[in-house]
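Here are some short exercises to work through with the model open on your screen. Try each task before reading its solution.

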Amino acid sequence: MITNLSVADINGYLAATGWVRQPEDWRGAAVWVHEDDHEILVPGTDELSDGARRIREILALLARLEGRSREEIASDIGAPMADVQWYRAPIVPLEGHFGLVDAVTALTSAEAALSAAARAVVTGPRPAFDGGTPKAVRDLLARAWIGPIVPSQNILAIRVPLDHDHSGDQPLARRSLVLLQRATVLLHEASAEAHRTGDISVFDGIVRDGVSADLCVALARFAGPDPGTRFEVGFRWARAMPSELPASKVVFEAETGILLRRVAHRLRRLPRQNASVTGLIGTLFDNGGEDRFRVHVRGEVFVGDGEPRKAIWVRLPGETAYDLAVEAHRNRTPVRAHGTLMEVHRRLELMATSFDRVPVDRTEES
């Protein structure tokens, strides 16, 4: 795989990583210059007889400059449309070798973490996920792949291909990893708060951001057996679909695994009542940051067997639903939402799993 890279992908990688192409070629090769005066010559065609040797030379220089392995860089070059999530933990490959039990634990935990994030995107946030995995999530997991496993890196890398979405929305894979990145940051912050105060109820308020019992258990396993050790979770974005978010990593300190298992137990025990509302939107709220896609709906609210209510805040499953809500608010069109009732900052909210406009019967108006 290292030498089976196209000239186009190599040029694309250099352009995306800070190299500057010079205006003139040299004997048909593209000349790329780095800010530290390093120079790379990229063949003008994939058909050169010594192309494999030239690619090895390019990878060797990039590996030295970036402090990464040739295998990892080659994988990035050859997959311009794949986001990368990675773990550094006691149970990931050490010097290129996996223990059998550790390998099973690491792979199933990585799958569970990605699945939990994708389900939060597809169905809306939940304290815990019940029932079968949606087909869209199963398809995403089937497309992801592992590797390369590089002895010098001691990391487990998961590459998630991005499919173009003709609807204009970001691909599910990107939305899932963005949610997962934010959820890990919030878990890190909440863990620090819980260690300081001893109160794990702080985790209840970040369920709306995609934190779930399923995600907590998946991440806790990367800490290894109790009491556990520190582990890292990192993210890089596909160069062919740049993200405004920078590549980043989150470091969870020792004993976080124990805490996350306690949190998972708590989240599974949170009351989860089904709820629905039909009515008109009175207020729209989206701060573009931590608190997004909420609407206040006045109308008929049904909350299990509880007391009747006349209004409720609804947290929508995503930007598409919010755009629909903006249009419904503008046109004074009734909407209907179904989902799960959650307490957020001592306020009841409906975490919507479905949201749509209610058709208005115009026959009575004629």
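## Exercise 1: the small sheet

Task: find the residue in strand 3 that is the bridge partner of A30.

Solution: start at A30 and step across to strand 3, where its bridge partner is V42. Keep in mind that you're looking at a predicted model. Next, widen the view: strand 2 (residues 30-33) and strand 3 pair in the antiparallel sense, over 4 bridges. Zoom out once more and you'll see an open sheet of 3 strands in the order 1-2-3, with antiparallel pairing. Strand 1 (20-21) and strand 3 (39-42) are the edge strands, as each pairs on one side only. Finally, look for what packs on the sheet: helix 1 (residues 7-16) touches strand 1, strand 2 and strand 3. The direction of helix 1 makes about 155 degrees with that of strand 3.

## Exercise 2: two helices crossing

Task: work out how helix 4 is oriented relative to helix 6, and list who meets whom.

Solution: take the angle to begin with. Helix 4 (residues 100-123) and helix 6 (residues 172-197) pack at about 110 degrees, and their axes are 8 Å apart. Angles of 65 to 115 degrees count as roughly perpendicular, so helix 4 is roughly perpendicular to helix 6. Now for the residues: helix 4 brings A113, L114, A117, A118, A120, V121 and V122. Facing them from helix 6 are L172, R175, S176, L177, L179 and L180. Sort this contact by class and you get 11 nonpolar, 1 polar and 1 charged residues.

## Exercise 3: the largest pocket

Task: say which residues are closest to the centre of the largest pocket, and which helix gives the most to its lining.

Solution: the largest pocket has a volume of about 1300 Å³. It's lined by 41 residues, and R175, V178, L179, R292 and F293 are the closest to its centre. Elements giving two or more residues to this lining are helix 4, helix 6, strand 8 (248-252) and helix 9 (319-331). Helix 6 gives the most, with 7 residues. By class, the lining splits into 15 nonpolar, 11 polar and 15 charged residues.

## Exercise 4: the second largest pocket

Task: do the same bookkeeping for the second largest pocket.

Solution: this one holds about 540 Å³ of space. Of its 22 lining residues, R68, D76, R236, W237 and A247 are the closest to the centre. Helix 1, helix 3 (70-78) and strand 4 (82-88) each give two or more residues to the lining. Strand 4 supplies the largest share, 4 residues. The class count for this lining is 11 nonpolar, 3 polar and 8 charged.

Notes. Residues numbered from 1 in each chain as written. Predicted model: local features only at pLDDT ≥ 70, side-chain atom pairs only at ≥ 80, totals over all residues. Heavy atoms only, no water. Axes fitted to C-alpha atoms, helices over the stretch in contact; angles between N-to-C directions. Parallel < 35°, antiparallel > 145°, perpendicular 65-115°, else oblique. Contact = heavy atoms within 4.5 Å. Nonpolar A, V, L, I, M, F, W, Y, C, P; charged D, E, K, R; others polar. Pairing = 2+ DSSP bridges. 1 Å grid on protein atoms, 1.4 Å probe; cavity = no way out; pocket = protein on both sides within 12 Å on 5 of 7 lines; lining within 4 Å. Points joined across faces, edges and corners; volume = space filled by probe spheres on them.
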